[in-house]
Amino acid sequence: FEKFTTFLLENYHTITLFFFFSGLIIFLILLVIPAYYGRYTQTTRKFLMFPNKIAWIVMEVISPISLLIGISMIQNFSKFSFKFNYLEIIYLSHYIYRSLIFPLLISPSKKSSKVAFEIMLMAIVFNSFNGILNGIALQTKTVIYQNFFLDLFKNPLSFLGLILIVSGFSVNFLADRHLISLRSDGSTRYKIPTWFVFEYVTSANYFGEIVEWFGFWVASRTLAAFVFFCWTCFNLIPRAITHHRWYHEHFEEYPKSRKIVIPFIF
Ligand code: NDP
């Protein structure tokens, strides 16, 4: 573990940039081939397919664990004297929600009840790198500033970032709740979402997630958070484009005025 830590810390910038460029390649691939989960699951395939809820838990629980590993590379956990800063607590809370609460709330359709192994693997690799790199970056700031919380009141960017994080998470959470509620009658069909942010964009939940991690970068101003924000766009923008096309193909009455993912713009 010590050798691995030394290697990561010595090559932090190179590894983070490598992580950025691998995301860019994934973005180009996803523009052509949609990620095969949810409504795009290939139902004919039977091998290496895992139940949807279990897959979400396994993929996402890696995030808080890898963040803690990243933090422990800077701060010695064995002394039990580590301090978390507010951005680490936000990251941990988001992923505890995403890995342990969100999967229990969803009611997958028959088609989306399974997730392919390679999608899980991709998410696990992404969440491992992302958590470790952000853990290192955030904990380094905690050590430099000692009381990182004070930064919120000293630097307007940190305060603005926090507002964006809270607003983005609220939109993401409420939009996901709305999508989940569309099946509260026990059906597993797709319906046209109507909650107010969906009146502006097809993928209101992705819009919230993008704003949230943009805010995280604004508040932390680290290279790792910038790359995390880019990865979020690399993952979600192609999927939002595909969702938009999918709604227009499946619902004649789908509102023409809705943008794809950024209200009024795109
Ligand atoms: P989707 O919008 O594709 O689906 C979310 C849930 O709502 C699924 O359970 C889906 O069911 C259901 N649903 C979607 N549309 C409808 C509809 N019209 N009618 C009824 N039910 C519907 O989101 P994802 O599954 O891609 O992502 C889930 C969350 O994870 C989002 O909040 C997203 O922001 C986040 N995420 C973040 C990423 C990142 O890089 N930061 C990457 C990927 C996801 P079904 O599964 O049956 O389609």
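Start by selecting phenylalanine 149, which lies in the loop between α5 and α6 (151-154); the helices named on this tour are DSSP runs of H or I with at least four residues, just as strands would be runs of E with at least two, and both are numbered from the N terminus. Phenylalanine 149 is partly exposed, with 14 other C-beta atoms within 10 Å, on a scale where 20 or more such atoms make a residue buried, 12 or fewer make it exposed, anything in between makes it partly exposed, and the C-beta atoms are placed from the backbone. Add leucine 87 to the selection: its C-alpha atom is separated by 9.0 Å from that of phenylalanine 149, although the two residues are 62 apart along the chain.

Before moving on, note that this is a predicted model, in which local features need pLDDT of at least 70 and side-chain atom pairs count only at pLDDT 80 or more, while totals for chains, interfaces and linings use all residues. Residues are numbered from 1 along each chain as its sequence is written.

Next, display α3 (52-74) and α4 (86-105) together. The two helices pack at an angle of about 165°, with their axes 8 Å apart, where axes are lines fitted to C-alpha atoms, for helices over the stretch in contact, and angles run from 0 to 180 degrees between N-to-C directions. That makes α3 roughly antiparallel to α4, given that angles over 145 degrees count as roughly antiparallel, those under 35 as roughly parallel, 65 to 115 as roughly perpendicular and the rest as oblique. α3 passes α4 in a left-handed crossing, a term used if the near helix is turned anticlockwise from the far one by less than a right angle, with right-handed used if clockwise. Within α4, pick isoleucine 96, which is partly exposed with 15 other C-beta atoms within 10 Å. Its C-alpha atom is separated by 9.5 Å from that of isoleucine 57, and the two residues are 39 apart along the chain.

Now turn to α7 (156-181) and α8 (204-220). Their axes come within 7 Å and cross at roughly 160°, and that makes α7 roughly antiparallel to α8. The crossing of α7 and α8 is left-handed, and the residues of their contact divide into 16 nonpolar, eight polar and three charged. In this classification Ala, Val, Leu, Ile, Met, Phe, Trp, Tyr, Cys and Pro count as nonpolar, Asp, Glu, Lys and Arg as charged, and the others, Gly among them, as polar. Select glycine 208 in helix α8, which is buried, with 22 other C-beta atoms within 10 Å. The C-alpha atoms of glycine 208 and valine 171 are separated by 4.8 Å, with the residues 37 apart along the chain.

From here, extend the selection to the largest nonpolar core, in which Leu133, Phe207, Ile210, Phe216 and Phe228 touch the most other members among 50 residues. Such a core is a set of buried Ala, Val, Leu, Ile, Met, Phe, Trp, Tyr and Cys residues joined through C-beta atoms within 7 Å. The elements giving two or more residues to this core are α3, α4, α5 (117-145), α7, α8 and α9, and α8 gives the most, with 11 residues.

The ligand is the next stop. Of the 23 residues around the ligand, Gly38, Ser112, Leu179, Glu209 and Asn235 come nearest; a residue is near a molecule or strand if its C-beta atom, placed from the backbone, lies within 6 Å of it. Two or more residues of this shell come from each of α7, α8 and α9 (223-250), and α9 supplies the largest share, five residues. By class, the shell has 10 nonpolar, seven polar and six charged residues.

Finish with two backbone features. Most residues other than glycine have a negative phi. Arginine 221, in the loop between α8 and α9, has a positive phi near 50° and is partly exposed, with 15 other C-beta atoms within 10 Å. Phenylalanine 264, in the segment after α9, also has a positive phi, of about 70°, although it is not a glycine, and with 7 C-beta neighbours inside 10 Å it counts as exposed.
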